[in-house]
Amino acid sequence: MGERFRLSLSLTLALFGAALLPGVASACSMPAGWTPQRAFAEAALVFHGLVTATELSSTEVEGLPADVGDGRILVNVHYETIEVFKGSPEADGAISTTTLIMGGCGVPVLAGQHFLFYVNGIDETTRKDMPELAGQTQGMISIYDTQMLPPDPKMLDEALADVRALAKKH
């Protein structure tokens, strides 16, 4: 769980360096052997939520190239919990993603939309190294599995059927 968040943050930071090397393949590609079962197993939180607001995080990530701005690359996503499949997300909490400024890695979220969130938890190293971030969020949204959900109730049930089946197995 903690390794996954550290990987996500490391991946985000690596993308900024990759932008300087235009011939490099996208670092946002899904890892080899990635499956819905693996995604569910590795996520700290999996839940259906309604996005109520987004805001630019005040946390600054150091070591970024000057052309990416002031280092504020994280977006806090506030939500209301609708249905929980794994973990214990706060009822009205916040999770984070990146601003998508490099390589398209991050999850674009819109207030008022329903999402199936897969969230990588914050590990102890991150809590120590980035206490401001740890105080703002429960973790980073997985770029591989999180998805916006359809508003139609029948289509919504179909979209959530697989994750409900995974939740029953765990």
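# Two cores and an aromatic cluster

The largest nonpolar core of this chain has 14 residues. Within this core, Phe40, Val46, Phe85, Leu116, Tyr118, Leu160 and Val163 touch the most other members. Three elements each supply at least two of the core residues: helix 2 (36-42), strand 4 (114-121) and helix 5 (153-169). Helix 5 gives the largest share, four residues. The model is predicted.

A second core is separate from the one just described. This second core holds 13 residues, and Ala44, Phe47, Tyr79 and Ile141 are among them.

Now step back to the whole chain. The chain has 170 residues, and 44% of them count as buried. There are five helices and six strands. Along the sequence they run in the order α-α-β-β-β-β-α-α-β-β-α. Consider the contacts between residues at least 6 apart in sequence: 70% of these join residues at least 24 apart. The chain exposes about 8,800 Å². Carbon and sulfur atoms supply 55% of that area.

Return to the largest core and look at two of its residues. Tyr118 is one of the members that touch the most others. Leaving out residues up to four places away in sequence, Tyr118 touches Ala39, Phe40, Ala43, Leu45 and Val46, among others. Further along the sequence, the residues it touches include Met140, Ile141, Ser142, Asp145, Thr146 and Val163. Phe40 is another of the members that touch the most others. Over the face of Phe40 lies Lys86, at 5.5 Å from the ring centre.

Ile141, one of the residues touched by Tyr118, belongs to the second core. Ile141 lies in strand 5, which covers residues 139-141. Is Ile141 buried or exposed? Its relative accessible area is 4%, so Ile141 is buried. Beyond its neighbours within four places in sequence, Ile141 is in contact with Val77, Ile95, Ser96, Thr97 and Val107, among others. Phe117, Tyr118, Val119 and Thr146 are also among its contacts. Take Val107 from that list. Ile141 and Val107 are 34 residues apart in sequence. In space, their C-alpha atoms are 7.2 Å apart.

Next come the aromatic rings. How many aromatic pairs does a search of the whole structure find? The search finds five. One of the pairs joins Phe47 and Tyr79. Their ring centres are 4.8 Å apart and the planes meet at 45°, a tilted arrangement. Phe47 lies in strand 1 (residues 45-56) and Tyr79 in strand 2 (residues 74-86), so this pair ties together parts that are 32 residues apart in sequence. Both residues are buried. Phe47 has a relative accessible area of 0%, and Tyr79 is at 1%.

Phe47 also pairs with Phe117. The centres of these two rings are 5.4 Å apart and the planes stand at 45°, so this pair is tilted. Phe117 sits in strand 4 and Phe47 in strand 1, so the pair ties together parts that are 70 residues apart in sequence. Phe117 counts as buried, at 0% relative accessibility.

These rings belong to one aromatic cluster, made of Phe47, Tyr79, Phe115 and Phe117. Phe115 is in strand 4. Phe115 is buried, with a relative accessible area of 2%. Which residues does Phe115 touch, not counting those up to four places away in sequence? Phe47, His48, Gly49 and Val51 are among them. So are Pro108, Val109 and Leu110. Thr146, Gln147, Met148 and Leu149 are on the list too. Phe115 and Ile82 are 33 residues apart in sequence, and their C-alpha atoms are 9.7 Å apart in space.

One polar contact rounds off the tour. Thr126 is placed in helix 3, residues 124-129. Thr126 counts as buried, at 5% relative accessibility. Its side chain makes a polar contact with the side chain of Asp123, at 2.7 Å.

Definitions and conventions
Residues are numbered from 1 along each chain as its sequence is written. This is a predicted model: local features need pLDDT of at least 70, side-chain atom pairs count only at pLDDT 80 or more; totals for chains, interfaces and linings use all residues. Side-chain values use heavy atoms; hydrogens and water are left out. Buried means under 20% relative accessible area, exposed over 50%, partly exposed in between (1.4 Å probe, protein chains only). Contact means heavy atoms within 4.5 Å. Accessible areas come from the Shrake-Rupley method with a 1.4 Å probe; for residues, only the protein chains shown count as cover. A nonpolar core is a set of buried Ala, Val, Leu, Ile, Met, Phe, Trp, Tyr and Cys residues joined through side-chain atoms within 4.5 Å. A polar contact is a pair of N or O atoms within 3.5 Å; within protein, one must be able to donate a hydrogen and the other to accept it, and residues adjacent in sequence count only if both atoms are side-chain atoms. Rings of Phe, Tyr and Trp (its six-membered ring) pair if their centres lie within 6.5 Å; planes under 30 degrees apart count as stacked, over 60 as edge-to-face and the rest as tilted. A charge sits over a ring if NZ of Lys or CZ of Arg is within 6 Å of the ring centre and within 35 degrees of the ring normal.
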